[in-house]
Amino acid sequence: MRPLSEKVAGIAPSATIEISNRAKKMQREGIDVISLSIGEPDFDTPKHITDACIDALKRGETHYAPSDGIPELLSAISEKITKENKFPCAPDQVIVTCGAKDAIYEGMEAVLNPGDEILLLTPAWVSYEPCVQMAGGKIVKHAVNQKTFQLDDSILEKVTKKTKMIVVNSPSNPSGAVFDKKSMELVADLCVDHDLYAMSDEIYEKLIYGKEHISLASLGDMAQRTITINGFSKAYAMTGWRLGYAVAQKPIIKAMSKVQQHSVSQATTFAMWGAVAALKGDQHCVEEMRTEFDKRRTYIIKELGHMGYICAPANGAFYAFVKVAGDDMKIATDWLEKAHVAATPGSSFDAPGWIRLSYAASLDRLKEAMERIRRVGGN
């Protein structure tokens with residue numbers, strides 16, 4: 001047989017999904033594994049959202065919809081962006097995708113040409129680099145400050161004539177850090193001075209503790225050059241619904257629409273009606289989940305500190321990013337095999353020597369996980 005795609009062969013599988021699969025395999029074998037490896041809220045989708053989806057099914061919303069999304073959802077997103085994220089957005093500047101990951105992939109395909117350089121801030125979520133690779137781009141990595149997890153002028157050294165885009169993720173997966181206004185303004189100035197696009201992944205914007213979320217597109221004229229990525233998985237506990245969206249200028253949205261039309265066609269029709277209910281309905285459910293995550297965050301950071309671990313500033317998302325002494329891959333494997341606690345090694349995020357623990361699990365399970373890690377050690 002002829003060889004398969006060299007491009008795909010050169011892309012690493014998702015480390016978070018791979019570790020989650022290993023943990024699930026152990027669970028099927030009867031082992032009590034506490035999985036803190038994957039970024040999925042342990043809450044059920046709020047009832048008013050699922051009810052809206054069921055109602056849509058009952059009234060026959062099971063056919064093709066406009067590829068970019070149903071008008072009701074495009075309108076709801078544009079209103080949300082204008083009001084909450086503080087930059088103007090019209091419905092035709094929005095595309096609804098099959099998850100935020102799909103929006104990231106389509107955005108890369110829409111903007112990049114082979115050989116274009118993309119500035120990636122590390123530690124970075126595992127799927128950014130593969131999306132760039134599939135679009136033919138080249139990743140240039142720049143590590144944020146390892147104490148503050150903010151940016152400084154050293155980033156200027158990484159910009160070349162081939163640089164076309166910078167990727168920003170705040171709150172951050174994996175670190176949980178939230179970029180302050182100084183870091184965001186540094187990115188904005190960089191983009192303006194060098195005529196760069198920006199992709200701002202804001203999927204965790206609703207899960208912030210004691211800090212302020214700043215949308216990159218709200219600074220100066222950054223709305224003209226920013227692709228803002230968001231979705232429903234984290235804030236509304238809708239991971240399995242596979243609904244995300246992107247906001248950008250019309251030419252970018254039109255290019256992304258071409259990719260969508262010739263791949264997934266559209267997001268699921270009846271699921272989009274659930275998303276309308278999520279944005280238009282009572283938002284107390286979001287605050288209730290955020291408050292519970294904050295309790296877990298306070299507990300796990302305190303317990304890790306008692307064990308001698310140093311953590312990145314955990315001001316957002318639902319991750320404790322832990323500095324470990326030694327090989328993070330080996331320590332994560334030991335935790336899984338000996339303590340039966342699944343965590344993701346920092347090497348997966350271009351941050352060797354760190355381990356990501358998701359506290360999107362019940363407080364009781366977190367307490368058990370901390371006790372198991374304490375017994376095994378590793379720091």
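**Notes on the predicted model**

1. Let's start with a pair of helices. H5 passes H8 in a right-handed crossing. Keep in mind as you look that this is a predicted model. H5 covers residues 100–111 and H8 covers residues 250–261, and their axes cross at roughly 110 degrees, coming within 8 Å. Angles of 65 to 115 degrees count as roughly perpendicular, so that is the label for H5 and H8.

2. Who does the touching here? On the H5 side, look for Asp102, Ala103, Tyr105, Glu106, Gly107, Glu109 and Ala110, and on the H8 side for Ile252, Ala255, Met256, Val259 and Gln260. Sorted by class, this contact of H5 with H8 has seven nonpolar, two polar and three charged residues.

3. Now try another pair: H4 (residues 71–85) and H9 (residues 269–280). Their axes are 9 Å apart and the packing angle is about 30 degrees. Angles under 35 degrees count as roughly parallel, which is why H4 is described as roughly parallel to H9. The crossing of H4 and H9 is left-handed.

4. The residues in that contact are worth clicking through. H4 brings Glu72, Leu73, Ala76, Ile77, Glu79 and Lys80, while H9 brings Met272, Trp273, Ala275, Val276, Leu279 and Lys280. The class count for H4 with H9 is eight nonpolar and four charged residues, with no polar ones.

5. Zoom out for a moment. The protein has 12 helices and 13 strands. Its radius of gyration is 20 Å, and the globule rule gives 21 Å for 379 residues, so the protein is as compact as a globular protein of that length. The C-alpha trace spans about 55 × 55 × 55 Å along the principal axes.

6. How much of the protein is buried? Buried residues come to 56% of the 379. There is also a figure for how far apart in sequence the contacting residues are: of the contacts with a separation of 6 or more, 77% are between residues 24 or more positions apart.

7. Next, find His142, which sits in strand E4 (residues 138–143). Is His142 buried or exposed? Its relative accessible area is 5%, and buried means under 20%, so His142 is buried. Setting aside neighbours within four places in sequence, His142 contacts Leu119, Leu120, Leu121, Thr122, Leu151, Ser154, Ile155 and Lys158.

8. One of those contacts, Thr122, leads to a backbone detail. Thr122 and Pro123 are joined by a cis peptide bond, with omega about 5 degrees. Pro123 lies in the loop between strand E3 (117–122) and helix H6 (128–134). Another cis bond runs from Ser170 to Pro171, with omega near -5 degrees. You'll find Pro171 in the loop between strand E5 (163–169) and helix H7 (181–194).

9. Finally, check two phi angles. Ala237 is not a glycine, yet its phi is positive, at about 55 degrees. Ala237 is in the loop between strands E7 (226–231) and E8 (244–247), and with 7% relative accessibility it counts as buried. Asp350, also a residue other than glycine, has a positive phi near 60 degrees. Asp350 belongs to the loop between strands E12 (344–345) and E13 (354–358), and its relative accessible area of 31% makes it partly exposed.

Notes. Residues numbered from 1 in each chain as written. Predicted model: local features only at pLDDT ≥ 70, side-chain atom pairs only at ≥ 80, totals over all residues. Heavy atoms only, no water. Axes fitted to C-alpha atoms, helices over the stretch in contact; angles between N-to-C directions. Helix = DSSP H or I, 4+ residues; strand = E, 2+ residues; numbered from the N terminus. Parallel < 35°, antiparallel > 145°, perpendicular 65-115°, else oblique. Left-handed = near helix turned anticlockwise from the far one by under 90°. Contact = heavy atoms within 4.5 Å. Nonpolar A, V, L, I, M, F, W, Y, C, P; charged D, E, K, R; others polar. Rg over C-alpha atoms; globule rule 2.2 N^0.38 Å. Buried < 20%, exposed > 50% of the residue type's maximum accessible area, 1.4 Å probe, protein only.
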